[in-house]
Amino acid sequence: TTMSSAAQAIQSPKAAVDSLAAILGRALPESLAAAGDPAAALLHDDGVARAVTGRLRGAGSGAGQDALCGWLYGTFQSGLPALQLAVLRFVPTLAGVYMSRAVSRKPLAGFEAVLLTLYAHAVAQRGSGEAETVTLPNMAKPSVYHEAIKPAAAAPAAKTGKADDPDVAELSPALEPHGSIRATRRGRIVGAVLELYHAKIGLMPLSSKMDFCEFCVAWTGKHRSDDKARIASAESGEEKWRRVPMPWELFQPALRIVGHCLLGPTNSDQLRTQAARASQCLYLRAMETMDARAVLACRSLVRLSQMVEEPIPEPSFAGVEANMAELETMRANILSGKK
Amino acid sequence: MAAAAESDNGSEVGPTGDSGAFASPVKARERAPESEAGASAATASESSETRVDDGNIQEAESSLREGLSLNYEEARALLGRLEYQRGNVEAALRVFDGIDLQAAIQRFQPSLSEKPSSKRNNKLRSDSSNSGSQHAASLVLEAIYLKAMSLQKLGKAIEAAQQCKSVLDAVESIFQRGIPDVMVEQKLQETVSKSVELLPELWKQAGAYQEALASYRRALLSQWNLDDECCTRIQKRFSVFLLYGGVEASPPSLASQTEGSFVPKNNLEEAILLLMILLKKWYLGKTHWDPSVMEHLTFALSLCGQTSVLAKHFEEVLPGIYPRTERWYSLALCYSAASDDEAALNLLKKSLNKNESPNDINALLLAAKICSSDYYLASEGVEYAKRAIGDDELLDGHLRSVGLHLLGSCLANESKIASSDHQRSLLQAEALKSLGEAFSLDRHNPDLIFDMGVEYAEQRNMQAALKCAKQFIDTTGGSVSKGWRLLSLVLSAQQRYSEAEVVTDAALEETTKWEQGPLLRIRAKLKAAQSLPMEAVEAYRALLALVQAQRKAYGSLKNGTEERDNKVSEFEVWQGLANLYASLSYCRDAEICLQKAKALKTYSATTLHAEGDMHGVREQTQHALAAYLNALSTEVDHVPSKVSIGALLSKQGPKYLPVARSFLSDALRLEPTNRMAWFYLGQVHKHDGRLAEAADCFQAASMLEESDPVESLRPL
């Protein structure tokens with residue numbers, strides 16, 4: 001009921017800012033109140049991010065009475081896309097802290113309410129019972145980018161009748177509606193929320209992605225001792241984020257997000273470094289069970305992280321040399337003519 | 001006038017006189033490697049030494065115009081290029097700023113876009129006027145392109161993109177029907193190609209992802225007459241952008257697609273298409289090999305579980321690209337992920353041959369992993385795992401622990417099919433030792449803890465098994481159903497039934513309805529074990545309702561897949577109810593249930609065995625025996641039937657005792673923890689007068705009675 005009363009309160013970006021200010025008070029930067037575009041400020045302002053994530057990570061967060069969870073819930077429920085983005089921005093911290101603490105089976109009704117509302121949104125968006133699929137191209141058919149490529153001579157005989165069946169792969173299985181988070185469905189629910197985040201990741205600020213990579217490393221439980229020190233010192237709370245079970249339904253969306261951080265368009269070396277670390281840890285985690293699918297995907301990310309991106313070609317001045325000489329002569333002529 | 005411009009151009013040129021500035025291109029080229037990075041170029045241009053002010057530009061420009069009879073734009077273009085080439089990006093920019101591209105286009109347009117009436121009329125193109133204006137166009141367009149480059153180097157990506165886009169717009173308006181193949185001056189073509197390639201990268205840097213996407217498509221779908229390498233680079237970058245960019249994109253427009261063609265409907269499909277095209281191009285020799293393409297495709301196809309398709313692409317890669325053992329390992333991963341373990345193992349065997357890479361850690365671990373899922377490959381798996389952990393270089397704790405874990409699993413499996421008790425106990429001890437060592441290296445690996453728990457339970461060390469089961473639930477936060485089941489079964493083995501029920505109930509709380517089957521089955525068996533028949537029947541009823549609802553929801557009856565999906569089959573439920581009724585001597589009810597079970601699965605050793613039990617209850621010994629033998633003929637190693645035959649025969653007088661003994665010993669060979677087998681074997685010994693042996697058997701039976709879980713621990 002706490003959650004629904006918060007939901008009713010938030011109907012505009014301004015209301016969201018006011019409501020957040022009531023919860024976080026002085027932790028918020030003063031500039032927020034005066035922001036011209038409050039929703040954008042909630043999404044992009046580093047001060048806001050620090051205040052909110054700091055609280056989310058803090059001891060005792062995520063309980064049923066957690067006002068900040070109520071705010072996230074209500075803000076997402078507003079239905080305003082710009083505000084929903086501002087909530088999605090905190091998914092890495094929300095999911096990160098939640099998964100780690102859920103292993104210890106602490107009561108986290110606040111986090112769960114937010115995650116469930118995000119999950120319900122994903123279900124509604126996808127349509128209940130609909131899997132997300134990928135149709136693989138049949139190279140024998142042309143496309144906008146290529147002409148039909150005739151398969152090798154032996155192939156048609158082997159595949160008669162099958163040629164027209166496109167290979168349809170399942171990227172994400174159908175989502176069942178859930179009214180509560182049962183432990184055995186936790187991975188799927190959080191995984192679907194990560195998919196939702198991934199769908200908007202192009203709009204997410206850098207620090208949000210950094211948060212995800214950090215938690216991803218902690219989730220794998222594969223960071224070395226020196227990393228542990230770093231992670232511990234990075235946060236004031238000193239809470240040690242526990243290793244979490246990573247079934248494929250959670251592992252796969254995590255991998256997609258890390259893939260974006262590593263290879264998507266970014267100007268941040270810091271993010272790339274952090275993402276490279278995360279993919280290394282995911283690789284080790286995949287090797288632990290020798291899950292071939294995960295090993296393949298992670299191995300590729302690790303290898304790609306070590307490859308150098310081909311630079312954009314520089315202008316070439318080959319052939320210009322002749323022009324230059326010509327130009328020079330002409331110029332000399334001009335000068336001599338003038339003299 | 002010109003001299004002023006030169007000397008202002010910088011001290012690097014020095015006071016060498018009039019020709020110094022224009023001699024410097026050589027120097028500039030020498031310097032070029034240093035100033036490749038945009039940043040260093042930018043700093044160079046910021047220094048006062050290289051400053052060019054507007055006055056100087058104008059002077060230089062007017063002298064050029066006079067001397068070379070160039071127009072205003074052309075002169076500026078030449079000057080700007082010179083500055084750019086020297087790394088004076090800011091200066092170049094100031095020169096380029098004065099160029100009015102629109103005006104220039106207006107001038108080029110008539111002469112270039114005049115389409116010859118006949119396609120054959122190509123001569124027109126070589127007219128001096130035409131090539132002259134092409135040259136001029138080339139100069140100006142290059143200047144704008146260089147301006148874009150300069151802006152980019154100064155970190156002004158948006159402006160850079162706008163400039164670069166204007167080059168393409170201009171080219172499109174000049175060549176309205178696309179760039180002809182052969183008629184364009186080389187320099188112009190180069191500028192066009194470079195700009196086409198540059199534009200999406202600039203939008204990306206500017207964070208304008210929708211524009212980047214559109215410009216990638218524009219690059220690939222319009223006619224720019226790009227060469228193969230350039231086109232390949234663009235396709236590669238575009239596929240990466242689609243795959244990882246996280247940009248919500250609409251698929252390419254339907255207008256540009258012909259009937260029967262493949263139409264990608266989202267980013268991932270489009271990316272996979274482009275990556276496959278790139279591989280084909282390489283395969284056809286149109287482009288050089290780029291390892292990243294295969295890695296991107298591997299990532300994309302693994303994400304959606306299409307590793308068998310991926311395997312085809314690995315097979316197509318020409319020899320010499322990957323070392324063959326590496327290719328075999330990659331292929332083995334693909335097949336293993338596609339559940340074709342046999343093919344995977346065959347490839348790994350090739351790779352692990354002593355003439356190839358016998359000590360490849362990854363291949364050894366994967367081979368051991370595959371072997372660990374099959375009893376009959378267990379000893380092979382042990383070899384692989386031992387080789388993996390025997391490698392001195394494998395000091396990495398992670399992989400060492402993985403190797404030890406797999407070794408333990410394979411040893412445990414091997415012990416199941418051991419030919420002697422002695423060998424069995426050796427293998428069992430070794431299995432636990434390996435698992436323990438693995439655990440000491442990695443204390444947080446739940447799968448390892450689980451396997452240890454099962455192994456302890458199978459070796460009837462229930463105290464240790466209980467500890468593992470609890471620890472597994474702790475490390476997984478109760479999120480893995482099999483952990484709850486293990487805990488409940490271990491408690492049941494300790495005859496702590498009410499605790500086992502509490503665990504089962506807690507597990508039901510954490511499980512969605514559709515997945516509750518195995519837990520409800522355990523609950524029913526727990527009730528039966530506590531002699532609560534009515535509650536057991538009730539539990540079976542709940543299970544039956546679930547199973548039937550599942551059948552309705554999923555349509556067909558897929559017997560056999562249930563076990564893998566961890567679902568309970570309807571057959572199993574009727575069978576369980578039949579056993580329950582039979583144990584209560586409710587023969588008619590039991591028979592009805594058996595009929596139901598038989599209707600679902602005609603030849604089942606379990607059903608035939610239960611039928612035998614029914615006959616046994618009615619003291620129809622011959623019928624009972626016949627049923628048990630039928631059960632054995634459908635399943636040679638059906639242990640309960642062997643035990644029942646032994647039990648039955650042990651009561652038939654001394655003549656039958658040797659046969660009874662052989663059936664019971666056989667059962668114990670297959671299942672050394674079968675309590676009833678020990679009990680009846682004891683009976684046989686007693687009837688035969690071997691009292692000491694009888695006592696041992698009874699003792700074994702009574703010890704086992706206290707440690708028999710309500711259902712088998714494998715597969716959990």
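Here a trainee and a mentor talk through a predicted model with chains A and B.

Trainee: What makes B:Ala367 and B:Leu345 count as being in contact?

Mentor: Two residues are in contact if their C-beta atoms, placed from the backbone, lie within 7 Å. B:Ala367 passes that test with B:Leu345, and also with B:Leu348, B:Leu352 and B:Tyr384, once its neighbours within four places in sequence are set aside.

Trainee: And what makes B:Ala367 part of a nonpolar core?

Mentor: A core is a set of buried residues of nonpolar kinds, Ala among them, joined through C-beta atoms within 7 Å. B:Ala367 belongs to the largest one, which has 267 residues. Along with A:Leu115, A:Val193, A:Val258 and B:Val490, B:Ala367 is listed as having the most contacts inside that core. As a rule, in soluble globular proteins, nonpolar side chains tend to be buried together.

Trainee: Which residues does the second, separate core include?

Mentor: B:Leu608, B:Tyr628, B:Ala647 and B:Leu649 are among its 24 residues.

Trainee: How do you know that helix α6 of chain B is largely enclosed by the rest of the structure?

Mentor: Count neighbours. A residue is buried if 20 or more other C-beta atoms lie within 10 Å of its own. In α6, residues 89-97 of chain B, eight of the nine residues are buried, so the helix is largely enclosed. The buried ones include B:Val89, B:Leu93 and B:Phe96, but also B:Glu90 and B:Arg94.

Trainee: Why is α20 of chain B said to have the span expected of a helix?

Mentor: The expected span is 1.5 Å times one less than the number of residues. For the 20 residues of α20, 397-416, that should come to 28 Å, and the end C-alpha atoms are 29 Å apart, which agrees. α20(B) is mostly covered too, with 16 of its 20 residues buried.

Trainee: How many helices and strands does each chain have?

Mentor: Chain A has 16 helices and two strands, while chain B has 36 helices and zero strands. As for burial, 47% of the 339 residues of chain A count as buried, and in chain B it's 48% of 716.

Trainee: How many residues does each chain bring to the contact between them?

Mentor: Chain A gives 74 and chain B gives 84. On chain A's side, the elements giving two or more residues include α7, β1, β2 and α16. By class, that side has 39 nonpolar, 19 polar and 16 charged residues.

Trainee: What is the stretch 675-708 of chain B called?

Mentor: An unreviewed UniProt entry annotates it as "repeat: TPR". In the model, that stretch is 85% helix and 0% strand, with its end C-alpha atoms 8 Å apart.

Definitions and conventions:
Residues are numbered from 1 along each chain as its sequence is written. Chains are lettered from A and ligands numbered from 1 in the order in which they are written. This is a predicted model: local features need pLDDT of at least 70, side-chain atom pairs count only at pLDDT 80 or more; totals for chains, interfaces and linings use all residues. Helices (H or I, at least four residues) and strands (E, at least two) are DSSP runs, numbered from the N terminus. Ala, Val, Leu, Ile, Met, Phe, Trp, Tyr, Cys and Pro count as nonpolar, Asp, Glu, Lys and Arg as charged, and the others, Gly among them, as polar. A residue is buried if 20 or more other C-beta atoms lie within 10 Å of its own, exposed if 12 or fewer, and partly exposed in between; C-beta atoms are placed from the backbone. UniProt positions are given in the numbering used here, feature names are shortened, and annotations may be inferred rather than shown by experiment.
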